[in-house]
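Please open the model in a viewer and keep the sequence panel visible. The tour below proceeds one selection at a time, and each stop states what is to be found there.

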Amino acid sequence: MLALLQIVQLLLNLVWWVIVIQAILSWLIAFNVINTHSDFVRSVWNALQRITEPMYRPIRRILPDFGALDLSPLVVLLILYILQNIVVPNIAQSLLAPTL
């Protein structure tokens with residue numbers, strides 16, 4: 001069971017990095033540091049969009065419209081932080097705690 005929790009922790013960490021990379025790439029594209037005319041950049045951007053969009057969509061429905069400012073990645077990162085540092089450790093601790 002602990003191995004399963006370690007896998008969950010690893011996947012949560014991986015999702016965190018995907019969101020951070022996608023945010024940085026979106027800034028680089030927005031400030032025209034890199035452009036999507038490159039096949040490599042476009043394919044990486046599309047892959048990251050396909051991975052992150054299902055996580056952002058429900059949050060975007062709940063959050064008010066802030067115009068060009070998209071806070072959904074920040075909300076997802078906050079949820080991931082709570083899962084990684086509060087929920088998963090508490091589950092692990094409850095599994096390791098001796099039963100009385």
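Begin by selecting N32, which is exposed because its relative accessibility, 59%, is over the 50% cut-off. The model is a predicted one, and N32 sits in its loop between α1 and α2. Display the backbone here: the phi angle of N32 is near 60°, a positive value in a residue that is not glycine.

**The whole chain**

Zoom out from the loop and colour by secondary structure. The protein chain contains three helices and zero strands, in the order α-α-α from the N terminus. The radius of gyration is 17 Å, well over the 13 Å that the globule rule gives for 100 residues, so the protein chain is more spread out than a compact globule. Along its principal axes, the C-alpha trace spans about 60 × 30 × 20 Å.

Next, switch on the surface. The accessible surface of the protein chain amounts to about 7,500 Å², and carbon and sulfur atoms contribute 70% of this area. Of the 100 residues, 21% count as buried. If charged side chains are coloured, 5 positive and 4 negative ones appear, and the centres of the two sets are 6 Å apart. A contact map may be opened alongside: among contacts with a separation of 6 or more, 56% are made by residues 24 or more positions apart.

**Helix α1: Q22**

Which helix holds Q22? Select residues 2–30, which form helix α1, and Q22 will be found within this range. Is Q22 buried or exposed? Its relative accessible area is 6%, which is under the 20% cut-off, so Q22 counts as buried.

Show the surroundings of Q22 as sticks. Leaving out residues up to four places away in sequence, Q22 touches W45, L48, Q49, T52 and Y56. Two of these partners deserve a distance label. The side chain of Q22 forms a polar contact of 3.0 Å with the side chain of Y56, and another, of 2.5 Å, with the side chain of Q49. For the backbone, draw a line from Q22 to W45: the two residues are 23 positions apart in sequence, and their C-alpha atoms are 7.4 Å apart in space.

**Helix α2: L48**

Move from Q22 to its contact partner L48, which belongs to helix α2; this helix covers residues 39–62. L48 has 10% relative accessibility and therefore counts as buried, the cut-off being 20%. Beyond its neighbours within four places in sequence, L48 is in contact with V18, I21, Q22 and L25. A line drawn from L48 to L77 joins residues 29 positions apart along the chain, with 15 Å between their C-alpha atoms.

**Helix α3: S72 and Q84**

Now select residues 72–96, the extent of helix α3, and centre on S72. Where does S72 stand on the scale of accessibility, buried or exposed? The relative accessible area of S72 is 0%, so this residue is buried. With neighbours within four places in sequence set aside, S72 is in contact with Y56, I59, R60 and L63. Y56 has appeared before on this tour, as a residue touched by Q22. Label the distance between the side chains of S72 and R60, which are joined by a polar contact of 3.3 Å. Then select M1 together with S72: 71 residues separate them in sequence, and their C-alpha atoms are 32 Å apart.

Follow helix α3 to the last selection, Q84, which is also placed in this helix. Q84 has 13% relative accessibility, under the cut-off of 20%, and so counts as buried. Which residues does Q84 touch, not counting those up to four places away in sequence? They are Q9, L12, N13 and P89. Of these, Q9, L12 and N13 fall within the residue range 2–30 of helix α1, while P89 falls within the range 72–96 of helix α3.

How values were computed
Residues numbered from 1 in each chain as written. Predicted model: local features only at pLDDT ≥ 70, side-chain atom pairs only at ≥ 80, totals over all residues. Heavy atoms only, no water. Helix = DSSP H or I, 4+ residues; strand = E, 2+ residues; numbered from the N terminus. Rg over C-alpha atoms; globule rule 2.2 N^0.38 Å. Buried < 20%, exposed > 50% of the residue type's maximum accessible area, 1.4 Å probe, protein only. Contact = heavy atoms within 4.5 Å. Areas by Shrake-Rupley, 256 points an atom, 1.4 Å probe, with all protein chains shown as cover. Lys, Arg positive; Asp, Glu negative; His and termini not counted. Charge placed at Lys NZ, Arg CZ, Asp CG, Glu CD. Polar contact = N/O pair within 3.5 Å; in protein donor to acceptor, adjacent residues only side chain to side chain.
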